[in-house]
Amino acid sequence: MALTADSLPSIAWLLPRLRACRVLSLLSFILLAALLLIWNLGYAAVPGSLLWAVLAFQMLPLLLLAPGIIGGHPRAHSWACFVVNLYFIQGVLAAFDPSKRLFGWLEILLSLSLFVSALLYTRWCAQYQRIGNTEEVQRR
């Protein structure tokens, strides 16, 4: 079922939500990366020779998404919804270990926040682009 111009939300309703989701997804993304860095460099019991390999393995998906998330591209946000599930799973596993409980819960909260905000940002960007296209067609 195709959305018509009547079923799309107004731009006045959409723009503040787009901005809020963009800020929340960017903030969640940065805080998740910072949490992984701080945990691995300061608290994780990883041998020194493996530290950089573990850190690179955990940070690589975020580094690949970073240009798109920082640039506000909807496609990067949609890919972030897939990638962030890895961090959610890691957080759930860590939350069951008493020595990693705080790290696990923080990772769960940040990954859920990134997932929801990126998902809404992607959806509302698509609606915003459709509104622009329907207004352009109506002007012709």
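The expected span of a helix is 1.5 Å times one less than its number of residues. Keep that rule at hand for the exercises below, which explore a predicted model.

**Exercise 1. How far does helix H1 reach, and what span is expected for H1?**

Solution. Start by finding H1 in the chain: this helix covers residues 11-43. Next, take its length, which is 33 residues. At 1.5 Å a residue, the expected span is 48 Å. Now compare this with the model, where the first and last C-alpha atoms of H1 lie 46 Å apart, close to the expected value.

**Exercise 2. Which residues of H1 are buried?**

Solution. Buried means under 20% relative accessible area. Walking along H1, you meet Leu14, Leu18, Cys21, Ser25, Ser28 and Phe29 among the buried residues. Further on, the buried set continues with Leu32, Ala33, Leu35, Leu36, Trp39 and Asn40. As a helpful background step, an α-helix has 3.6 residues a turn, so residues three or four places apart point the same way.

**Exercise 3. Is Leu24 of H1 buried or partly exposed?**

Solution. First, place Leu24 in helix H1. Its relative accessible area is 39%, so Leu24 counts as partly exposed. Then look for a distant partner in sequence: Ser117 is 93 residues away along the chain, yet the two C-alpha atoms are 6.2 Å apart.

**Exercise 4. Which residues make the nonpolar surface patch?**

Solution. Look for Leu37, Leu41 and Trp52, which together make a patch of about 330 Å². Of these, Leu41 belongs to H1.

**Exercise 5. Which helix gives the most to the lining of the largest pocket?**

Solution. Begin with the pocket itself, which holds about 200 Å³ of space. Its lining includes Trp39, Asn40, Tyr43, Gln90, Ala94 and Phe103. Two helices, H1 and H3 (74-95), each supply at least two lining residues. H1 gives the most, with three. Trp39 and Asn40 appear in the lining and also among the buried residues of H1.

**Exercise 6. How far apart in space are Asn85 and Tyr121, and Phe88 and Ala126?**

Solution. Asn85 sits in helix H3, and Phe88 is in H3 too. Asn85 is partly exposed because its relative accessibility is 34%; Phe88, at 29%, is also partly exposed. Asn85 and Tyr121 are 36 residues apart in sequence, with 17 Å between their C-alpha atoms. For Phe88 and Ala126, a sequence separation of 38 residues goes with a C-alpha distance of 26 Å.

Key:
Residues are numbered from 1 along each chain as its sequence is written. This is a predicted model: local features need pLDDT of at least 70, side-chain atom pairs count only at pLDDT 80 or more; totals for chains, interfaces and linings use all residues. Side-chain values use heavy atoms; hydrogens and water are left out. Patches are made of residues with over 30% relative accessible area and no salt bridge: like charges are joined within 9 Å, nonpolar side chains (Val, Leu, Ile, Met, Phe, Trp, Tyr) within 5 Å. Accessible areas come from the Shrake-Rupley method with a 1.4 Å probe; for residues, only the protein chains shown count as cover. A salt bridge is a side-chain nitrogen of Lys or Arg within 4 Å of a carboxyl oxygen of Asp or Glu. Helices (H or I, at least four residues) and strands (E, at least two) are DSSP runs, numbered from the N terminus. Buried means under 20% relative accessible area, exposed over 50%, partly exposed in between (1.4 Å probe, protein chains only). On a 1 Å grid over the protein atoms alone, a cavity is a set of points where a 1.4 Å probe fits but cannot get out, and a pocket is an open set with protein on both sides within 12 Å along at least five of seven lines; lining residues have an atom within 4 Å of a point. Grid points are joined across faces, edges and corners, and a volume is the space filled by probe spheres set on the points.
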